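Let's take a friendly walk through this structure, from its core to two backbone details in its loops.

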Amino acid sequence: MTKTHQQPLILLSDKSKVLQERLSTFPVTAVLCCDSLYDQPEASPLLEKLRQHTGIFILVDDLPIRAMRAKMCDILREVLPTAEQATEKLFVFNFSQGEFRTVKSITEITGEGTGTPECVDFSEAIEPRWYPIVDKERCINCFECLNFCLFGVYGVDRDERLFTEQPDACRDGCPACARVCPTGAIMFAKHLDPQINGEAIPSGSEDITAAEARTRAKQEKEKHLDSLVDVIDQDDFLG
Ligand code: SF4
Ligand code: SF4
């Protein structure tokens, strides 16, 4: 494969040294490595580098695939603005499938051959983060999460769609709005519950109308308001 700017770019998050060495001979534009994509600050050099690429993106991560796919779509919203483009150009794998299967899956995208990609290590001491990732393909913009959250995490963009305006205002360990969201669109990638971290679609939210979504969100909101108040009380106590 000839090296062009359209060649794939690989991002290895929470990297494996063996995988890194193996992929550094692949026919791709670049292999970028970091300790965690999820924890990258919004304006990190790594995210800037990703946004400069115009070809195919391959992400290998250790957090749930659905959450990390939505995270990449968020980072690349200018580069891959439509769901169709994301389907064509974004591939996400999880380390749990093992190195052999990961290499095989990547080869199916890049094709056989050898290359000398740019390899950049973006590992540096970064603070662990905790914030919601919204799956835009499931979000119906009912704004129940926005009305529920007391900390200004969510906002509404110019197109009247929900977005995470201040992700780092989210309370550490709080997954309350993921339970309030009627469509299972909100994910906390580091949470242990598969229905919260994106591994599974919360039962009952597979195909839901906007009206049903509002009714369910109202019920869930009443149920989970208590837990949010507990978080606030604890913050007051600590701080
Ligand atoms: S509650 Fe869920 S579906 Fe409604 S706006 Fe928030 S993320 Fe979207
Ligand atoms: S988890 Fe809690 S603090 Fe974080 S966005 Fe949801 S409601 Fe707000």
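The text below covers the nonpolar core, then two residues with positive phi.

This is a predicted model, in which local features need pLDDT of at least 70, side-chain atom pairs count only at pLDDT 80 or more, and totals for chains, interfaces and linings use all residues. Residues are numbered from 1 along each chain as its sequence is written, while chains are lettered from A and ligands numbered from 1 in the order in which they are written.

Let's begin with the core. A nonpolar core here is a set of buried Ala, Val, Leu, Ile, Met, Phe, Trp, Tyr and Cys residues joined through C-beta atoms within 7 Å. Buried means 20 or more other C-beta atoms within 10 Å of a residue's own, exposed means 12 or fewer, and partly exposed is in between, with C-beta atoms placed from the backbone. The largest such core holds 54 residues, and Ile10, Leu11, Cys177 and Met187 have the most contacts inside it. Helix α3 (residues 65–75) supplies the largest share, six residues. Because domain 1 (9–121) and domain 2 (133–238) both give residues to this core, it lies between them; the domain bounds come from an automatic or database domain assignment.

Contacts are pairs with C-beta atoms, placed from the backbone, within 7 Å. Beyond four places away in sequence, Met187 touches residues including Arg66, Ala67, Ala70, Ile133 and Ile196.

Now for the loops. Helices (H or I, at least four residues) and strands (E, at least two) are DSSP runs, numbered from the N terminus.

| Residue | Phi | Loop between |
|---|---|---|
| Asn141 | near 55° | β6 (133–134) and α6 (144–148) |
| Glu160 | near 65° | β7 (154–156) and β8 (162–164) |

Asn141 counts as partly exposed because it has 15 C-beta neighbours inside 10 Å. Glu160 has 8 such neighbours inside 10 Å, so Glu160 counts as exposed.

Definitions and conventions: Two residues are in contact if their C-beta atoms, placed from the backbone, lie within 7 Å.
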